[in-house]
Amino acid sequence: MATWADLVRPILLLLLLLPASAFYLPGSYMHTYSTGDKISVKVNSLTSIETELPFSYYSLPYCLPDEGIKKSAENLGELLMGDQIDNSPYRFKVNVNESLYLCTTNPLSEHDVKLLKQRTRDLYQVNMILDNLPAMRYTQQKGGVVIQWTGFPVGFTPSGGSEDYIINHLKFKVLVHEYEGSGVEIIGTGEEGLGVISEAEKKKANGYEIVGFEVVPCSVKRDLEVVSKLNKYDKIDPVGCPLELEKSQIIREGEKVSFTYEVEFVPSDVRWPSRWDAYLKMEGARVHWFSILNSLMVIFFLAGIVFVIFLRTVRRDLTRYEELDKEAQAQMNEELSGWKLVVGDVFREPACPKLLCVMVGDGIQILGMAAVTIIFAAFGFMSPASRGMLLTGMIILYLFLGIAAGYVGVRLWRTIKGTSEGWRSLSWSISCFFPGIVFAILTILNFILWGSKSTGAIPISTYFVLILLWFCVSVPLTLLGGFFGTRAEEITYPVRTNQIPREIPARKYPSWLLVLGAGTLPFGTLFIELFFILSSIWLGRFYYVFGFLLVVLFLLVTVCAEVSVVLTYMHLCVEDWRWWWKAFFASGSVALYVFLYSINYLVFDLRSLSGPVSAILYLGYSLVMAFAIMLSTGTIGFLMSFYFVHYLFSSVKID
């Protein structure tokens, strides 16, 4: 269960950074070890790109630690992501190379065999952690291409074979770097907690740092008569991997499986601050830059259109209008065309004004959360070394940004209605609309995960923590923001609204087709980065190119604003004064293409995803993501269009 210390950890981190003169922030704070020091390996949930359902490591018949299974401290983000970090019986001694025996299981039961075969066929990976570094595995493909993986498979099935074999022998390679204390302050944010190393402690910290953790898995069939005489951690002879199938341990009912491991410590020139570089190698840099340049071309094209609208059309008409005398203005009013004809209707109350205010308020909250999170991540404050920190930080930011959501939503409500009446109800709706929908979707998915006995299921205790945070933090702050919105300076319309609505001319094609089509331009700036994000989520890869993501976010905001302004102006030019919702969905419709792209990614890139449960989970999470994108991008477009329309008609002097 997440504790309050886990939730306020990012805030404490910010406070600790203030007095620091120099610091390094990669993840957990540095440990140094002396030769012979005992270090333990931890195990995380079993994961697979085939099913996307994580399971506990000890759900399979692996060796148990002598002291029993003990869970490591989990923060809120780890719980929501399905991480379950436990201790393990794997023990190393620093700089001591050895080959050890662990245990031999009881004869495999029918249930054990079925489970092991299922996990093997579904390509489940065992994830291990040493000094906060995941175990890394290298495999060589045809053509000499080396592929890097985290974790190792539960077992393997030879091509064309019908039998499955279990991985029961691990060859570990631990890379160590000899460290001497320096004058650099190091601040920890990982599972070991926050802490600053003092100069006195640094002098004592000389020793060896763990800078790499690699594993080579193999399957070995042991002689039961020999291993029956061994005790845990007794030395055995090293094994060369891989072995022939005849010497591998088959998964079969009645078989006893012996688990063993080897460990080798190798000196390395890699320093501790750079030890995560091997995991965070950026692939496809050229693709990122191509996407950014393509987006810049779209921005300049749209900026040119906006420039023409403002300087050559709008300003020219307004200057010409203001230079005429009153009689000529009256005559010109009768000859008005285009956007000038809707001057008495352009600020008419839109349909479903409360829903619009709620969606804009929630959009501000989501957009603010995304922007601040990406900025912090781009500066290295939310490294993958700090498991769960990214998601925990996002939740905390979302909760506290409720004050901005309430303020913007209530102020827009006052502008539309001309009164603050009903602001409490509106603030409650803002605080419950998006979280309520997400909570409902996640609850349905959670029942599915519970039914599958997956560690991805949110514990009931975490549900209560989330509800507590929702109603004790987010709701009060949203109400407080709404109160500030009632006290803020009122936004007045520059023109009066006619009592009788002006008839909108019939159009050959529905205007909503143009609105939906407008979403393709923002999607063009987003889809390359979306591919990398989806790959990191569903294919188990690390995503750490937050610098690119920050640039893409800036481009996306710019394109959404420009697209919405152009579409709003086009609608006003054809005397369509119902621009409010169209301005919102002109940029918000990008979410439709994001969801369609997610389906495309499921069909063509996740072809191995097996079973309806995995597909339902994928589509459920994709729906939440698309809904959040719709609210945030729609809010950008609406607010920019509102400013544009207000600025445009504030220069019109019509009685």
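These notebook entries concern the cysteines and one nonpolar surface patch of a predicted model.

**Entry 1: disulfide count**

I began with the sulfur atoms of the cysteines. Taking a pair within 2.5 Å as a disulfide, I obtained 2 disulfides. I then numbered the bonded cysteines in sequence order and read the pairing as 1-2, 3-4.

**Entry 2: Cys-63 and Cys-103**

I looked up the pair Cys-63 and Cys-103 and found the two sulfur atoms 1.8 Å apart, which is recorded as a disulfide. About the S-S bond I read -90°, and the link between Cys-63 and Cys-103 is accordingly entered as left-handed. Next I asked where the two partners lie. Cys-63 sits in the loop between β2 (38-43) and α2 (76-81), while Cys-103 belongs to strand β4 (residues 98-104); the bond therefore ties together parts that are 40 residues apart in sequence. For solvent exposure, I noted both Cys-63 and Cys-103 as buried.

**Entry 3: Cys-218 and Cys-241**

I turned to the pair Cys-218 and Cys-241, whose sulfur atoms are 2.0 Å apart and form a disulfide. I placed Cys-218 in strand β15 (residues 207-218) and Cys-241 in the loop between α5 (224-227) and β16 (258-267). The two are 23 residues apart, and the pair links distant parts of the chain.

Are the two partners buried or partly exposed? Cys-218 has 3% relative accessibility and so counts as buried, since the limit for that class is under 20%. Cys-241 has 24% relative accessibility and is therefore entered as partly exposed.

**Entry 4: two further cysteines**

I also checked the accessibility of Cys-357 and Cys-560. For Cys-357 I read 0% relative accessibility, so this residue counts as buried. For Cys-560 the relative accessible area is 0%, and this residue is therefore buried.

**Entry 5: nonpolar surface patch**

I then left the cysteines and examined the surface. Which residues make the nonpolar surface patch of about 580 Å²? I listed Leu-516, Leu-592, Leu-596, Ile-599, Val-603, Phe-604 and Leu-619. I next asked which element gives the most to the nonpolar patch. Helix α17 (residues 590-604) does, with 5 residues.

I followed one member of the patch, Val-603, more closely. I located Val-603 in helix α17. With 45% relative accessibility, Val-603 counts as partly exposed, because the exposed class requires over 50%. The value for Val-603 is also consistent with patch membership, for which over 30% relative accessible area is required.

Technical notes:
Residues are numbered from 1 along each chain as its sequence is written. This is a predicted model: local features need pLDDT of at least 70, side-chain atom pairs count only at pLDDT 80 or more; totals for chains, interfaces and linings use all residues. Side-chain values use heavy atoms; hydrogens and water are left out. Helices (H or I, at least four residues) and strands (E, at least two) are DSSP runs, numbered from the N terminus. Buried means under 20% relative accessible area, exposed over 50%, partly exposed in between (1.4 Å probe, protein chains only). Patches are made of residues with over 30% relative accessible area and no salt bridge: like charges are joined within 9 Å, nonpolar side chains (Val, Leu, Ile, Met, Phe, Trp, Tyr) within 5 Å. Accessible areas come from the Shrake-Rupley method with a 1.4 Å probe; for residues, only the protein chains shown count as cover. A salt bridge is a side-chain nitrogen of Lys or Arg within 4 Å of a carboxyl oxygen of Asp or Glu.
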